[in-house]
Amino acid sequence: MIVDKIKKRNLPEKNKKTRIDIPVGKWAKCEKCKEIIYKETLRENLSVCPNCGHYFRMHINKRLESIIDKDTYKKFDINIETSNPLELEDYPKKLKSLREKTGIEEAVSAGTGKINGEDVVICIMDSGFLMGSMGVVVGEKITYAVEQAIEKRLPLIIFAASGGARMQEGIISLMQMAKTTAALTKLDQAGLLYISVLTDPTYGGVTASFASLGDIVLAEPGAMIGFAGKRVIEQTIGEQLPDGFQTAEFLLEHGFIDKIVERKDLKDTLSKLISFHKGGEK
Amino acid sequence: MQKKGDNGEAIAKLMFEMAKLEVPIIAIVIGEGSSGGALALGVGNKVLMLENAIYSILSPEGYSSILWKDSSRYKEAAEKMKLTAKDLYDLKIIDKIIKEPEGEGAFEKIAGNLKKEIKSSISEMNSKSKEQIVEERYCKFRNMGEYIKLEN
């Protein structure tokens, strides 16, 4: 014990630094094929497993990097926080610790940017923040983004990744579905393009509002998309659901999704769709 | 081909179309209303609610199962969720509570109260233009949910 203490005290500054640099946490495990992957390799491969092609869920910053032209993203200046309508004791603490842990303010980031030179309003959700759930802050940011798209006459892109409405804000979260949907009717009436990109997972109140309302609905391969989860439906109706139920591929076959696009092709697909739809503008 | 697993889309599309309706919508919660199915029919210019009805994001069982991974805590969930007519009135989610007197002739009395409220809602909105009806409903849902503005 004493020897340990002496060792610690005598540790030169330089060595201390080296110790911090040891690459702990630089490896990730693929949950599908169990392969251990070097995080840098994973990053370069847009968070897709180089071994089996499994799609990892993406952090907002990584998604922005992969879609938006470098240094063009300008986050909207809306700095707001939930009023904690159900007065839950732990909820504000939970949000605070999540902000510190994830480095993001909330489950969505909204702003303007360029995709291969095309101006867009873009919202990106992150399932790493309280399962990407939609409370008043997420609802407000998305609604504001829709309004900005109308004001600036720009196409709107929303990357959905969410478990649904945020339980911690109760009925207020439910109302965000009505709020975002109503805003989208105005976008529609303004004749502007809205592309919804569904990523894993897209569920609940997010599926049942803005995520389903794109003029064009794209999805990433293998993404799970639905309203209620498969297990809940099976238990409720007492029936076995078909294989592949709620996968992007199943939904494409059944007409809900227009196209499944691989992550590496998303940026080019989006810019092509945007430029293609510009023709009708006055 | 039959579309499967798209009730989420049905809810979204219904709210989307209802937001454009140029006639007044009166939604009344008369029993247990929860989740997207209730909301899809609840996007009214006026949302009325019977005194003893409940309206919530999810059933208390589902809520406690998701939030605490324990559906047996449904009573506690029901207490916390603010799902009573009074709570929802205070949260500005509903516009009016319809009294439900008990005792003899209760049903007739409640129906009478409801009828009176529907009539007065209609006559109040009758004087409004189509644009006003759409815009007022939009503003009502646009402003749902209070938040705190933070200093930069």
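In this predicted model, the contact between the two chains draws 40 residues from chain B and 44 residues from chain A. On the side of chain B that touches chain A, the elements giving two or more residues are helix 1 (7-18), helix 2 (35-40), strand 4 (54-56), helix 3, helix 7 (130-142) and strand 6 (147-149) of chain B. Helix 1 of chain B supplies the largest share of that side, with seven residues. Sorted by character, the residues of the side of chain B that touches chain A comprise 23 nonpolar, seven polar and ten charged.

The two chains are also joined through strand pairing, since strand 4 (residues 80-82) of chain A and strand 6 of chain B pair in the antiparallel sense over three bridges. Within strand 6 of chain B, B:Ile148 is the residue that stands opposite A:Glu81.

Turning to chain B by itself, one finds seven helices and six strands, and from the N terminus on these elements follow the order α-β-β-α-β-β-α-α-α-β-α-α-β. The C-alpha atoms of chain B fill a box of roughly 55 × 50 × 50 Å when the box is taken along the principal axes. Of the 152 residues in chain B, 33% are buried, and among contacts in this chain between residues at least 6 apart in sequence, 49% join residues at least 24 apart.

Helix 3 of chain B, already met as one of the elements that touch chain A, can be followed in more detail. This helix spans residues 60-68, and its buried residues are B:Pro60, B:Tyr63 and B:Ser64. These three cover an arc of only 90° around the axis, which means that they lie on the same side of helix 3 of chain B. The element against which the buried residues of helix 3 of chain B pack is helix 4 (74-80) of chain B. Just after helix 3 of chain B, the backbone at B:Lys69 takes a positive phi of about 55°.

Chain A is divided into domain 1 (1-56) and domain 2 (58-280), and the C-alpha centres of domain 1 of chain A and domain 2 of chain A lie 31 Å apart. Their contact takes five residues from domain 1 of chain A and nine residues from domain 2 of chain A. On the side of domain 1 of chain A that touches domain 2 of chain A, the residues divide into four nonpolar, one polar and no charged.

A residue with a place in strand 2 (residues 36-38) of chain A is A:Ile36. Is A:Ile36 buried or exposed? A:Ile36 is exposed, because 9 other C-beta atoms lie within 10 Å, and 12 or fewer is the condition for that class. Leaving aside its neighbours within four places in sequence, A:Ile36 is in contact with A:Trp27 and A:Lys29. Between A:Ile36 and A:Cys49, which are 13 residues apart along the chain, the C-alpha atoms are separated by 9.5 Å.

Chain A also holds an open sheet of seven strands, whose order is 3-5-6-7-8-9-10 and whose pairing is mixed. The edge strands, each of which pairs on one side only, are strand 3 (74-75) and strand 10 (259-260) of chain A.

Within this sheet, strand 6 (residues 118-125) of chain A is a useful place to begin. Six of the eight residues of strand 6 of chain A are buried, and the strand is therefore largely enclosed by the rest of the structure. Strand 5 (residues 108-115) of chain A pairs with strand 6 of chain A in the antiparallel sense over eight bridges, and within this pairing A:Val121 is the bridge partner of A:Thr112. The hairpin that these two strands form has two residues between the strands, and in this hairpin A:Asn116 takes a positive phi near 45°.

Strand 6 of chain A is also joined by four bridges to strand 7 (residues 156-162) of chain A, and these two strands run parallel. Here A:Cys123 stands opposite A:Ile158 in strand 7 of chain A. From strand 6 of chain A the chain crosses through helix 6 (residues 136-152) of chain A to strand 7 of chain A, in a β-α-β crossover that is right-handed. Continuing through the sheet, six bridges join strand 7 of chain A to strand 8 (residues 194-202) of chain A, and these strands run parallel. In strand 8 of chain A, A:Val197 is the bridge partner of A:Phe159.

Methods:
Residues numbered from 1 in each chain as written. Chains lettered and ligands numbered in written order. Predicted model: local features only at pLDDT ≥ 70, side-chain atom pairs only at ≥ 80, totals over all residues. Buried ≥ 20, exposed ≤ 12 C-beta atoms within 10 Å, placed from the backbone. Contact = placed C-beta atoms within 7 Å. Arc of directions from axis to C-beta. Pairing = 2+ DSSP bridges. Right-handed = clockwise from strand over helix to strand, strands pointing away. Nonpolar A, V, L, I, M, F, W, Y, C, P; charged D, E, K, R; others polar. Domains from an automatic or database assignment.
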